[in-house]
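Let's take a friendly walk through the cysteines of this protein, and then visit one of its pockets. Here is the structure to keep beside you as you read.

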Amino acid sequence: GNTFGFMALICLSYFLIPVARQSPILQFFDISPVAAVAVHIWSGRIVIVGVFLHGAFHVYRWKGLAGESILAMIVPPRQCWSLDEDNDFSPECIDEDTDCECYDILRNLTGVVAMILLVVIGVTSMNFMRRNHYRVFFITHILAGPAVLLITIIHWRKCMAYMAPSILYYIASSFPVMTENRKCLTQDGGIKVTRVERIQSRIQGGRQRQCMSLTVKATPAAVTMYEAGQYIKL
């Protein structure tokens, strides 16, 4: 089971790099944003599958091989939450080879919580959700994503060594862009939308999808930097 956990951890070690803003690595290797997002998406899928199999094999080991109660292996007893320094409580398991200390059960609980959050992220990242409920997708990502990383480190502290490069790279690449965006927002008032129009757009299969046409005011500097037909990120 731990093999699948490491598989997920390897993906976590780089999955933020493709979505870092103004990523130097992507520009150096001339990787398009579309291809980079695809790497991020498939890395996330592998993480979900790996974490699920990692947990499933441990559940089989507890219940199928050792005869332990699954609930007892993922929910620490009340005595485990005591802050008393003299507390020497130790849970009892059926099989003496089962990792059965308070820390072990707490570790199992964090794994379950991380798995639930990953499933939520996976469901809200499906194409239907992104296309029709983007706000749900976005809010879930910015809230559940960091929570998964933090809980994963609590689950096994050595995970930090694997995830730190990706996290630090993301912060280093994105923070200057976020700072510049904040500066533009406070000094220039942000993007000025002059017109909003709802239009109908046909997609594959003859179906219609409602789209929004936005007309924004461009500064003289922006006019010299961009040409008609180029994509801009709002």
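Is Cys102 buried or exposed? Cys102 is buried, its relative accessible area being 17%. Please keep in mind that this is a predicted model.

## Two disulfides

The count of disulfides comes to two. In one of them, Cys80 is joined to Cys102, with an S to S distance of 2.0 Å. This link is left-handed, with -70° about the S-S bond. Cys80 lies in the loop between helix H4 (70–74) and helix H5 (102–124), while Cys102 belongs to helix H5, so the pair ties together parts that are 22 residues apart in sequence. Like its partner, Cys80 is buried, and its relative accessible area is 19%; the cut-off for buried is under 20%.

The other disulfide connects Cys93 with Cys100, and here the S to S distance is 1.8 Å. Its torsion about the S-S bond is about 80°, so this disulfide is right-handed. Cys93 counts as partly exposed at 23% relative accessibility, whereas Cys100 is buried at 10%. Counting the bonded cysteines along the chain, the disulfides follow the pattern 1-4, 2-3.

## Two cysteines without a partner

Why does Cys11 form no bond with the closest cysteine sulfur? That sulfur sits in Cys159, and at 13 Å from the sulfur of Cys11 it is too far for a bond. Looking from the other end, Cys159 has Cys11 as the holder of its closest cysteine sulfur, again 13 Å away and too far for a bond. For reference, a disulfide requires the sulfur atoms to be within 2.5 Å.

Both of these residues are out of the way of the solvent probe by the accessibility figures: Cys11 is buried with a relative accessible area of 5%, and Cys159 is buried at 5% relative accessibility.

## The second largest pocket

Now for the pocket. The second largest pocket has a volume of about 820 Å³, and 33 residues line it. Which residues lie nearest its centre? They are His54, Gly55, His58, Gly111 and His155.

Several helices contribute two or more residues each to this lining: helix H1 (2–12), helix H3 (33–65), H4, H5 and helix H7 (134–155). By residue class, the lining of the second largest pocket divides into 19 nonpolar, 10 polar and four charged residues. Helix H5 thus appears in both parts of this tour, as the home of Cys102 and as a contributor to the pocket lining.

Conventions
Residues are numbered from 1 along each chain as its sequence is written. This is a predicted model: local features need pLDDT of at least 70, side-chain atom pairs count only at pLDDT 80 or more; totals for chains, interfaces and linings use all residues. Side-chain values use heavy atoms; hydrogens and water are left out. Helices (H or I, at least four residues) and strands (E, at least two) are DSSP runs, numbered from the N terminus. Buried means under 20% relative accessible area, exposed over 50%, partly exposed in between (1.4 Å probe, protein chains only). On a 1 Å grid over the protein atoms alone, a cavity is a set of points where a 1.4 Å probe fits but cannot get out, and a pocket is an open set with protein on both sides within 12 Å along at least five of seven lines; lining residues have an atom within 4 Å of a point. Grid points are joined across faces, edges and corners, and a volume is the space filled by probe spheres set on the points. Ala, Val, Leu, Ile, Met, Phe, Trp, Tyr, Cys and Pro count as nonpolar, Asp, Glu, Lys and Arg as charged, and the others, Gly among them, as polar.
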